[in-house]
Amino acid sequence: MPSGTNAVLDQRSLEASNANLLTVLRPGQRVLDVGCGSGAITAGIAALVGADGLVTGIDRSAELIGQAQQKFAAIGNLHFEAIDILGYAPKLRYDVITTARTLQWIAEPSVVIQKMIGLLGPEGVLCVLDYNHALIEWEPEPPKEMRYFYECFLRWRSDAGMYNDIVDRLPAMVSSLGLRITLNRDESEYRRREDAGFPAHAGIWTKVAETRGNQMVSDGYVTEEQRLAAIDAYTRWCGTEARSMRLYLRAVHAQR
Ligand SMILES: C[S@@+](CC[C@H](N)C(=O)[O-])C[C@H]1O[C@@H](n2cnc3c(N)ncnc32)[C@H](O)[C@@H]1O
């Protein structure tokens, strides 16, 4: 993840940003959070499963895991490890494995899903929360500079093998791997201008252009001028015309 990502991740919480987990979490469970980032949601999970439970957050970003370890060092039932899920080989099996907003960044998600299934206990639940980026809705349309940047963002992602519509492919993927779907729920993140948190919600694309945008420039998908123009025009739009934005997000839970 590019540096600066934690500014977005740190604002998240279990209740506000991964509420579907509240339907499966119980005191005493062993939970693995794959792609936990800086641990904001993971810490909420640890509070819910309590002292008899055990929560592990893993992420391939050593920087984000370092921040999580520092921030949540005092929580006894919570551990973090900097490792790629594909190389993770714990001894125990988990009651719940959650992966939120992570499969969207993985080029071969079915390999990762298979790996996670192998880490589930017999009654374990796999809980995925992710996007379909193609179905974003802005009201009214954002400025052309940001529309162009977003188009390039989707192309950059799909050329790198990532699925922009990952969450809508998931039910078929997990079913073909032998799991049955136990929940498939719309969790779209929708805010209107008058709602609390609207500037941060709509402003996520400014942050993406400021962080990921640099990679897109290096990879030749946008010029530096186009990136800066998108940031400038979109920031102005957010502060003036923007009325609402919906990020299409779904939760899919599955069990053996
Ligand atoms: C957008 S963040 C989501 C963080 C958090 N789950 C949330 O919902 O706020 C995606 C995270 O997945 C991590 N990630 C991506 N691929 C991974 C992999 N193969 N193994 C472990 N972590 C991975 C990234 O480093 C990043 O921190």
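## Exercises on a predicted model

Trp138 has Met245 of S9 as its bridge partner. The model is predicted: local features need pLDDT of at least 70, side-chain atom pairs count only at pLDDT 80 or more, and totals for chains, interfaces and linings use all residues. Numbering starts from 1 along each chain as its sequence is written.

**Exercise 1.** State how S6 and S9 pair, and place both in their sheet.

*Solution.*
1. Strands are DSSP runs (E, at least two residues), numbered from the N terminus; helices are runs of H or I, at least four residues.
2. S6 and S9 (residues 244–247) pair in the antiparallel sense over three bridges; pairing requires that DSSP finds at least two bridges between two strands.
3. The open sheet has three strands in the order S6-S9-S8, with antiparallel pairing.
4. S6 (137–139) and S8 (189–192) are the edges: each has a single partner strand, so one side of each lacks a neighbour in the sheet.

**Exercise 2.** Check the length of H11 (residues 224–239) and locate its buried side.

*Solution.*
1. The expected span is 1.5 Å times one less than the number of residues.
2. For the 16 residues of H11 this gives 22 Å, which agrees with the 23 Å between its end C-alpha atoms.
3. Buried residues (20 or more other C-beta atoms within 10 Å of their own, C-beta atoms being placed from the backbone) in H11 are Arg227, Ala230, Ile231, Tyr234, Trp237 and Cys238.
4. They cover an arc (of directions from the helix axis to the C-beta atoms) of only 140°, which puts them on the same side of H11.
5. The face turned away carries Glu224, Glu225, Arg236 and Gly239, which are exposed (12 or fewer such atoms).
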